[in-house]
Number of protein chains: 2
Amino acid sequence: MNGELEGSASRQRERHVSEARHKLIDAALASLIELGFSRTTGVEVCRRAGLTRGALNYHFPDYGNLLAAALGTAYDNLLDLPTRPRDEGPLEGWVQRAHSCIVRPDFKAIIELWLASQNDPELGATLSEAIAQGSQLFDPVFTLVDCDIELTPEAEAVYRTISEACVGLGVGRSVSGGPLAHETQVIDALLNIARDADRKISNRTKKRGADHGAH
Amino acid sequence: MNGELEGSASRQRERHVSEARHKLIDAALASLIELGFSRTTGVEVCRRAGLTRGALNYHFPDYGNLLAAALGTAYDNLLDLPTRPRDEGPLEGWVQRAHSCIVRPDFKAIIELWLASQNDPELGATLSEAIAQGSQLFDPVFTLVDCDIELTPEAEAVYRTISEACVGLGVGRSVSGGPLAHETQVIDALLNIARDADRKISNRTKKRGADHGAH
DNA sequence: ACCGGAACATACATTCATGTATGTTCGGGA
DNA sequence: TCCCGAACATACATGAATGTATGTTCCGGT
């Protein structure tokens, strides 16, 4: 209640606390990437973090919250990707963006947790918010809302097609342990599809721009 | 060695044997679909099959072989899909084919085992042949070899793009427990892409057909 | 100097899946 | 009729992960 005294005391420790927390979260994420969900256990996470189960139970009384935190970290890792120069069209940029996401090993952890949350309803309830937050990653409606890019139904279909294809490539990476032999082939095809669609959209915008007059 | 006596004796039982085997395999497949890999355990499979672990150990001393058999059954289920009328172009048909594959619940079991085989190297060795056999499902090079369809690099890229997009949709189904809201949207976009590519190929073939003369 | 709580570590009991051994049934051949 | 082996079921031991309780350290306040 009286946050004054607690604050001064706990603020000194806060770094210490979050150190162990981050260790556990990072260890969980690394284990998910290397061993998958089924082999990512409490003791395994503690082993990797160099801590004991006491620490795990202290910071994460509910094991699902650890996985939720790991999922959030994985999403953050994908969102922290360097923003590309915006020379290209929006759909072409979308291909680059989606591809740079699925290339990261964190993407495997995301897939593992996606499937696990569906297999285990209890875990699914715990992860639901984290999943909902991160499902925007491949959703053009959420991602482009702040840009001044209008989203026609046809364009949205292409956006989502690109996303799904990249998810497929990401699964292929997770399954084969490395990039599929035809990954660049598919990415090139997606780039061609994206450029075609970008051209169509650009032409339509220009036409409408002529009607509206210059800004 | 002398298969005569063994044959007459065991042939009587063969139906009985394969009954239990099939029960176990089907139970494993159902468990993979409903509970995923991590929760698909020996006792769970036996419970579903109405048998005991003695039967499981008798028919599948190596647990991985049960999963391999389940994977093979899942592939068979996908391959036994009704062949569509061939009115459409080859790429358009490929979209239909890939989509009809990922719609089946068996596809989730395949994804689960794909990931599990990568996470567990020992299991991966056991499943490798079954996986190799079934990876042809989405590989146009293997699937179209008996058809008289020639496969240009550009066409192959579109084939694989369609496949990866459908895999992405399949994962989405496995994750959300049902079809994604934009599944038909993506399929329609893929159909458009496929028809475009089919047209290009068709034109090129006609042109070359004119050079060769009629058959 | 004493105390109290945060941040862990340690220890024990339980559960669950598995490995393995042994028991049981049942049908066919001698 | 007797016996033998296939095709299971049953039972016990093991190991691993988890739930839970308790112990320990360290730091800050009084």
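User: How many disulfides does the structure hold over all chains?
Analyst: The count is 0 disulfides over all chains. Keep in mind that this is a predicted model.

User: What is the closest cysteine sulfur to the one in B:Cys166, and how far away is it?
Analyst: The closest cysteine sulfur belongs to B:Cys101, at 8.7 Å from the sulfur of B:Cys166. That is too far for a bond, because a disulfide needs the two sulfur atoms within 2.5 Å.

User: Is B:Cys166 buried or exposed?
Analyst: B:Cys166 is buried, because its relative accessibility is 0%.

User: And A:Cys46, buried or exposed?
Analyst: A:Cys46 also has a low value, 3% relative accessibility, so A:Cys46 counts as buried.

User: Switching to the fold. What is chain A made of?
Analyst: Chain A has 10 helices and 0 strands. Along the sequence the pattern reads α-α-α-α-α-α-α-α-α-α.

User: How much of chain A is buried?
Analyst: Of the 215 residues in chain A, 49% are buried.

User: What about the sequence range of the contacts in chain A?
Analyst: Taking contacts between residues at least 6 apart in sequence, 69% of them join residues at least 24 apart.

User: OK, the interface. How many residues does each chain put into the contact?
Analyst: Chain A gives 36 residues and chain B gives 36 residues.

User: What area is buried between them?
Analyst: About 3100 Å² is buried between chain A and chain B, and carbon and sulfur atoms account for 61% of that. On the chain A side, the residues that lose the most area to chain B are A:Leu115, A:Asn119 and A:Glu164, which together make up 21% of what that side buries.

User: How many polar contacts and salt bridges cross it?
Analyst: There are 11 residue pairs in polar contact across the interface of chain A and chain B, with both residues at pLDDT 80 or more. The salt bridge count between the two chains is 2.

User: Which helices of chain A supply the side that touches chain B?
Analyst: α1 (3-35), α6, α9 and α10 (183-212) of chain A each supply at least two residues to that side. The most comes from α9(A), with 14 residues.

User: How do the residues on that side divide by type?
Analyst: The side of chain A that touches chain B has 17 nonpolar, 11 polar and 8 charged residues.

User: Back to the salt bridges across the interface. What does B:Arg39 pair with?
Analyst: B:Arg39 forms a salt bridge with A:Asp120, and the closest N and O atoms are 3.3 Å apart. B:Arg39 sits in the loop between α1 (3-35) and α2 (42-49) of chain B, while A:Asp120 sits in the loop between α6 (106-119) and α7 (121-134) of chain A.

User: Are those two buried or exposed?
Analyst: B:Arg39 is partly exposed, because its relative accessibility is 39%. A:Asp120 has 18% relative accessibility, so A:Asp120 counts as buried.

User: What about B:Asp120, which side chain does that one meet?
Analyst: B:Asp120 meets A:Arg39 in a salt bridge, at 3.2 Å from N to O.

User: How many salt bridges over all chains?
Analyst: The count comes to 20 salt bridges over all chains.

User: Where does A:Arg160 lie, and what does it pair with?
Analyst: A:Arg160 lies in helix α9 of chain A. Its side chain meets that of A:Glu156 in a salt bridge, 3.0 Å from N to O. Both residues are in α9 (residues 153-176), 4 residues apart, about one turn of the helix.

User: Is that pair buried or exposed?
Analyst: A:Arg160 and A:Glu156 are both buried. For A:Arg160 the relative accessibility is 8%, so A:Arg160 falls under the 20% cut-off.

User: What else does A:Arg160 touch?
Analyst: Leaving out residues up to four places away in sequence, A:Arg160 touches A:Asp139, A:Pro140 and A:Val141, together with B:His182, B:Gln185 and B:Val186 from chain B.

User: And B:Arg199, which residue does its side chain meet?
Analyst: B:Arg199 meets B:Asp196 in a salt bridge, at 2.8 Å from N to O. The two are about one helical turn apart, because they are 3 residues apart in helix α10 (residues 183-212) of chain B. B:Asp196 is partly exposed, with a relative accessible area of 39%.

User: Which residues do shared salt bridge partners join into one network?
Analyst: A:Glu34, A:Glu44, A:Arg47 and A:Arg48 are joined into one network.

Methods
Residues are numbered from 1 along each chain as its sequence is written. Chains are lettered from A and ligands numbered from 1 in the order in which they are written. This is a predicted model: local features need pLDDT of at least 70, side-chain atom pairs count only at pLDDT 80 or more; totals for chains, interfaces and linings use all residues. Side-chain values use heavy atoms; hydrogens and water are left out. A salt bridge is a side-chain nitrogen of Lys or Arg within 4 Å of a carboxyl oxygen of Asp or Glu. Buried means under 20% relative accessible area, exposed over 50%, partly exposed in between (1.4 Å probe, protein chains only). Contact means heavy atoms within 4.5 Å. Buried area is the accessible area (1.4 Å probe) that two parts lose on being put together, summed over both. A polar contact is a pair of N or O atoms within 3.5 Å; within protein, one must be able to donate a hydrogen and the other to accept it, and residues adjacent in sequence count only if both atoms are side-chain atoms. Ala, Val, Leu, Ile, Met, Phe, Trp, Tyr, Cys and Pro count as nonpolar, Asp, Glu, Lys and Arg as charged, and the others, Gly among them, as polar.
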